[in-house]
Amino acid sequence: MNPETQDHPVLQPRGVERLVTGQPTRDGAGVKLTRVLTQDLQQRLDPFLMLDNFASDDPDDYGAGFPDHPHRGFETVTYMIDGRMRHKDSAGHEGLLQNGGVQWMTAGRGLIHSEMPEQEAGVMEGFQLWLNLPARDKLCQPGYRDIQREEIPEFTTAAQVTVRVISGESHGVSGAMHRPVDQWPTDPLYLDLHFAPGAGTFSQSLPPVNNAFVYVYRGAVEVLDGAGGATAVALHRMAILSNTGDGVTLRAQGSAGARALLIAGRPLREPIAQHGPFVMNTREQLVQAMQDFHNGRLG
Ligand code: MN
């Protein structure tokens with residue numbers, strides 16, 4: 001069975017609206033990272049609120065980790081490319097996130113957790129994506145799922161592109177995380193694309209309303225426009241895709257191969273009020289979140 005035959009062909013690929021360079025910063029107890037999706041892009045990339053990329057082989061950059069801190073009102077998706085991180089939260093969940101695995105945490109009405117490196121040397125590389133919850137679900141029961149590397153569906157196309165389907169659906173393959181769309185209106189697609197050296201193109205159909213972006217973490221890729229043109233996306237750059245078209249067509253730039261995340265979701269179009277680790281719809285709800293945290297009602 002060739003998974004490529006099971007997808008709608010992309011007839012009018014989306015172009016690149018904007019290229020974004022992430023901002024170097026530190027978070028947690030001083031973890032060095034690049035904030036790729038920053039707060040000023042939350043409206044444009046609704047329902048996504050943040051994307052961080054951490055990548056270092058220097059323990060001084062990551063060793064202090066993310067000690068106990070609260071969250072409310074959204075989901076955090078941590079994807080570890082290389083390294084080990086232990087997660088513990090006030091709902092009693094504990095898990096070890098490592099090499100190619102994903103932790104999908106629904107903060108909902110709130111919890112307190114820690115995310116701590118479980119290594120003293122070597123490379124720590126990965127991503128944390130924040131996905132908003134609709135207003136009606138912001139105070140839902142917290143949830144948590146550890147997805148090991150081998151639980152993430154993966155296929156390789158005839159063009160030698162390997163696709164890891166973390167959530168959503170690609171070429172007829174359902175992701176590790178999927179919920180009925182009436183329960184999960186953001187309908188998130190999260191793909192990790194590996195272009196082997198010399199690989200051909202990869203196309204993914206996308207509903208035009210869904211906001212989408214590409215982030216390159218090895219090599220460089222090109223976004224093809226369908227008229228023979230291409231926009232290059234360099235290493236560690238994010239390409240925000242236009243909403244005109246029925247999908248996206250990508251290839252590695254040059255012959256050395258590349259790796260990139262392709263992330264898309266249906267916008268909620270609700271007000272976004274953020275204060276640090278709380279993301280609600282109004283200022284009053286943020287004040288309530290802070291009061292609940294200080295009064296010990298978050299965990
Ligand atoms: Mn956290």
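## Strand β19 and its partners

In this predicted model, strands β19 and β24 run antiparallel and are joined by seven bridges. Within this pairing, valine 216 has alanine 260 of β24 as its bridge partner. Strand β19 also pairs with β22, again in antiparallel fashion, through three bridges. Here the bridge partner of valine 214 is alanine 239 in β22.

Seven of the eight residues of β19 are buried, and the strand is therefore largely enclosed by the rest of the structure.

## Nonpolar cores

The largest nonpolar core comprises 29 residues, of which Phe127, Tyr190, Phe213 and Met238 touch the most other members. At least two residues of this core come from each of β3 (31-37), β4 (48-56), β6, β9 (102-106), β11, β19 (211-218), β22 (237-241) and β24 (258-265). Domain 1 (22-150) and domain 2 (152-268) each contribute at least three residues to this core.

The surroundings of phenylalanine 127 can be listed in detail. Beyond its neighbours within four places in sequence, phenylalanine 127 is in contact with Leu51, Asp52, Asn53, Phe54, Val77, Thr78, Tyr79, Ile81, Tyr190, Tyr215, Tyr217 and Leu261. Another core, of 26 residues, lies apart from the largest one and includes Val165, Phe202, Val216 and Leu250.

## Domain arrangement

The chain is divided into domain 1, residues 22-150, and domain 2, residues 152-268. Taken over C-alpha atoms, the centres of domain 1 and domain 2 are separated by 21 Å. Their contact takes 34 residues from domain 1 and 34 residues from domain 2.

## The manganese site

Four protein residues act as donors to the manganese ion: His69, His71 and His113, each through NE2, and Glu115 through OE. These donors lie 2.2 to 2.5 Å from the ion. Along the sequence, the spacing of the donor residues follows the pattern H-x1-H-x41-H-x1-E. Histidine 71 belongs to strand β5 (residues 66-71) and histidine 113 to strand β10 (residues 111-117), so this pair ties together parts of the chain 42 residues apart in sequence.

Histidine 71 and histidine 113 are both buried.

## Glutamate 125

Glutamate 125 is located in strand β11, which spans residues 124-132. Is glutamate 125 buried or exposed? Its relative accessible area is 8%, so glutamate 125 is buried, given that the cut-off for this class is under 20%.

Once neighbours within four places in sequence are left aside, the contacts of glutamate 125 are Phe54, Ala55, Met80, Ile81, Asp82, Tyr217 and Arg218.

## Salt bridges

Side chains of opposite charge can pair when their charged atoms come close. A search of the whole structure finds 14 salt bridges. One of them joins the side chains of arginine 26 and aspartate 61, with an N to O distance of 3.9 Å. This pair links distant parts of the chain, since arginine 26 is in strand β2 (residues 23-27) and aspartate 61 in helix α1 (residues 59-62), 35 residues apart. Arginine 26 is partly exposed, with a relative accessible area of 48%, whereas aspartate 61 is buried, with a relative accessible area of 10%.

A further salt bridge forms between the side chains of aspartate 292 and arginine 72, at 3.0 Å from N to O. It too links distant parts of the chain: aspartate 292 lies in helix α2 (residues 283-294), arginine 72 in the loop between β5 and β6 (74-82), and the two are 220 residues apart. Aspartate 292 and arginine 72 are both buried. The side chains of glutamate 94 and arginine 86 also meet in a salt bridge, with a distance of 3.1 Å from N to O. Glutamate 94 is partly exposed at 45% relative accessibility, and arginine 86 is partly exposed at 25%. Elsewhere, Asp27, Arg35 and Asp52 are joined into one network by salt bridges that share partners.

Methods: Residues numbered from 1 in each chain as written. Predicted model: local features only at pLDDT ≥ 70, side-chain atom pairs only at ≥ 80, totals over all residues. Heavy atoms only, no water. Donors = N, O, S within 2.8 Å, 3.2 Å for Na, K, Ca; no water. Helix = DSSP H or I, 4+ residues; strand = E, 2+ residues; numbered from the N terminus. Buried < 20%, exposed > 50% of the residue type's maximum accessible area, 1.4 Å probe, protein only. Contact = heavy atoms within 4.5 Å. Salt bridge = Lys/Arg side-chain N within 4 Å of Asp/Glu carboxyl O. Core = buried A, V, L, I, M, F, W, Y, C linked by side-chain atoms within 4.5 Å. Domains from an automatic or database assignment. Pairing = 2+ DSSP bridges.
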